[in-house]
Amino acid sequence: MKRIALVGMPNTGKSTLFNRLTGAQAKVGNWPGITVDLLSAKLLLGDSMVELVDLPGIYDLRGFSEDEHVVTTFLRQQSVDVVLVLLNASQLERQLQLYAQLAQFGIPLLLVLNMADEAAALGITIEREALSGWLGVPVCLVSAKHGQGMEQLRGLVVRALRAPAQAAPPDDAVIEAALKSAVHVPAQASHRLTEKIDRVLLDPWLGLPLFFGVMFLLFEAVFWLGTPVQNALAAGFSALRAAALEPALAAAPPLLTGLLLDGVYNGLSTVASFVPLIILFFLAMAIVEDTGYLSRAAFLIDALMARFGLDGRSFVMILMGFGCNVPALMGTRVMRSRGLRLLTMMVIPFSLCSARLQVFLFFIAALFPPRLAPLVLFSLYVMSIAAAMLTSLVFKRRFVNNDPFVLEIPPYRFPTLRQIVLRGWHEVRHFLRRATRFIVAGVVLVWLLTHFPVAAAPGGVDTWAGHLGSWLSPVLGPLGIDPKLTIALIFGFVAKEIVIGSLAVIYAREGGALVSAIAHDVTWVQAYSFMLFTLIYTPCLSTIATLRSEAKNAAFSVVAVAWPLALAWLVSFAFYQTARHF
Amino acid sequence: MSLDATPACTLDLLGAGESGIILALDAGQTLGHRLAALGLRAGKTVRLIRRARFGGPFHVRVGTTDLMLRAPDARRVQVRRA
């Protein structure tokens, strides 16, 4: 089968074109010698099937960045019949250099000029035939977003595959001449509307408050829309369980029923409960990123984040992490520097997510007077940010951001519904494929720990989890965390949503009775120490699964779990040993 | 007035709304290539649009491309006020 590679600079609409050509039937594939996942898809062109591979966006082929290495390795080692060189039609003056570098590989090229609609709106005219004549390659003007010029592109690809032709790499003089005679840019080519909007959104005084306002609204929207859907899903799963699964397994031995329903089925429904949040988060991300606001946010907040070895985009992801860490971790893919990305991924799990918030609201209500409740909660948010900043200070020398912080500020654009939906769908599929097995295994393990030996009351102190709790008491005792709370922490390792539920099992009480039992059992100092530990240690199994699959590095994943554990212990220890004397 | 009448300076010293012609990039390979790929090359005209508060990055325009870059990187771009 013939193979086509898609290469282009960042922000040229590469994935949009890829989706447009393939109808989003892509699969993630591994290639020998290449460390990142590449999307590829088979499509019918003319009368034969061809494979289209999407290579990472690159600025240059002379540098040493990971992405550049991937592109060079792929083009050298794999057989590629045609390279589609995707350039932004409005920025040929600078982007044609990438074409010239790609021509050195001796692979037939096809020049695709995207965002032709934007170039036309700027008054830029491109004489396709003349440009093609100068460079000696077929040239095609398209708008991948709106699907214009796709027929012509397909025709040119078919022809290039049938009769491959290599053009000589153009030198600077040829490029100059080609630009001069075939591309006409008016003297004042600027995006007027973008300039007007920027005058407000990047205003020295209004910019930052507007940024926080925008983030707050998006954040509220995600959870305002997502929580009911999540609850409805959870209710649906319980209903299915009660109506179909429990009767079906009625004849099975109770242990098998427990394993299948409380272990495997609960694991699957935990995974599923993330789906609405991931879809909504990426909807919000699509709005922030595809409109061009993400790079403006980076511009506004960069001065502060640079001190912590992070950049403005990291900050947006940390904020998103206050909703749910999992999609925020996936969102770090917009960062091209691996060091920066890993550092951001290290920091995101400290964001006090909505699941941890449930635990805190319960404990605060149980142990603190209503007058102090908001203050206690606020202090936990402060601790969350402090832990994140401390972590980036500690690790910023290990994960050096080797990518220069020189980013394009694209004009404002309206993302199409198609783009947004495809994005959400891709991310959900990615999450489900990578996290399901890991999460189900974790849930089953915790079920086993809390239900064996058979004679013990489930979740009680006589189970393996209970033994583990007593065994850990020399470690957690100095933090004021007793064996019962330790079992809750073991549950919390799977998901913070089940911590309160697990306490109900451990104390064998529900609702108000549970609240008074805990209020009777632990002091406020113990409770706050427990909350600090819950805040800082592992957010949940889904977060670990995502960290592992996004970083693709076992050592990093171990550090990303071990460091928060150590930090949680130190912070809780310092707090408990100080505060219990008052 | 000859071009030499205005002294050379670096990009970070331009005021908001001021333009300059790029004379040279005093950058290492990685940064130099990146700046060039984004359009900052000798002979091109660059305009400083604005700077973010608290010593944040610069927003500049070169040709039809808008960019942001931090002060240490901007100091490596030598320009002559135009």
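In this predicted model, 25 residues of chain B are in contact with 27 residues of chain A. On the chain B side of this contact, α1 and β5 (65-69) each supply at least two residues. Helix α1(B) gives the largest share, six residues. By class, the side of chain B that touches chain A has ten nonpolar, nine polar and six charged residues.

Helix α1 of chain B spans residues 29-37. Its buried residues are B:Leu31, B:His33, B:Arg34, B:Leu35 and B:Ala37. Both chains help to cover them. From chain A, the cover includes α3 (92-102) and β10 (406-408). From chain B, it includes β2 (19-25) and α2 (71-74). Just after the helix, B:Gly39 takes a positive phi of about 105 degrees.

Strand β10 of chain A also takes part in a sheet with chain B. Three bridges join β10(A) to β5(B), and the two strands run antiparallel. Within chain B, the residue opposite A:Glu408 is B:Leu67, in β5(B). The sheet is open and has seven strands, with antiparallel pairing. Its order is β10(A)-β5(B)-β4(B)-β3(B)-β2(B)-β6(B)-β1(B). The edge strands are β10 of chain A and β1 (8-10) of chain B, each of which pairs on one side only. From one strand to the next, the twist averages 40 degrees.

At the chain B edge, β1(B) is joined to β6 (residues 77-81) by three bridges. These two strands run antiparallel. B:Cys9 stands opposite B:Val79 of β6(B).

Strand β5(B) is mostly covered, with five of its five residues buried. B:Thr65, B:Leu67 and B:Leu69 point one way from the strand. B:Asp66 and B:Met68 point the other way. Residues on both faces are thus listed as buried. Besides β10(A), the strand pairs with β4 (residues 58-62) of chain B, in the antiparallel sense and over five bridges. Here B:Arg61 has B:Asp66 as its bridge partner. The hairpin of β4(B) and β5(B) has two residues between the strands. In this hairpin, B:Gly63 takes a positive phi near 60 degrees.

Chain A has an enclosed helix of its own. Seven of the nine residues of α1 (residues 14-22) of chain A are buried, so this helix is largely enclosed by the rest of the structure. The buried residues are A:Lys14, A:Thr16, A:Leu17, A:Phe18, A:Asn19, A:Arg20 and A:Leu21. A:Gly23 follows the helix, and its phi is positive, near 65 degrees.

In soluble globular proteins, nonpolar side chains tend to be buried together. The largest nonpolar core of the model has 177 residues. Those with the most contacts inside this core are A:Leu6, A:Val85, A:Leu110, A:Leu111, A:Val112, A:Leu113 and A:Phe281. Helix α10 (residues 254-290) of chain A gives the most to the core, with eleven residues. A:Leu111 is among the residues with the most contacts in the core. Leaving aside residues up to four places away in sequence, A:Leu111 touches A:Val85, A:Leu87, A:Tyr99, A:Leu135, A:Val137, A:Pro138 and A:Val139.

Key. Residues are numbered from 1 along each chain as its sequence is written. Chains are lettered from A and ligands numbered from 1 in the order in which they are written. This is a predicted model: local features need pLDDT of at least 70, side-chain atom pairs count only at pLDDT 80 or more; totals for chains, interfaces and linings use all residues. A nonpolar core is a set of buried Ala, Val, Leu, Ile, Met, Phe, Trp, Tyr and Cys residues joined through C-beta atoms within 7 Å. A residue is buried if 20 or more other C-beta atoms lie within 10 Å of its own, exposed if 12 or fewer, and partly exposed in between; C-beta atoms are placed from the backbone. Helices (H or I, at least four residues) and strands (E, at least two) are DSSP runs, numbered from the N terminus. Two residues are in contact if their C-beta atoms, placed from the backbone, lie within 7 Å. Ala, Val, Leu, Ile, Met, Phe, Trp, Tyr, Cys and Pro count as nonpolar, Asp, Glu, Lys and Arg as charged, and the others, Gly among them, as polar. Two strands pair if DSSP finds at least two bridges between them. Axes are lines fitted to C-alpha atoms, for helices over the stretch in contact, and angles run from 0 to 180 degrees between N-to-C directions.
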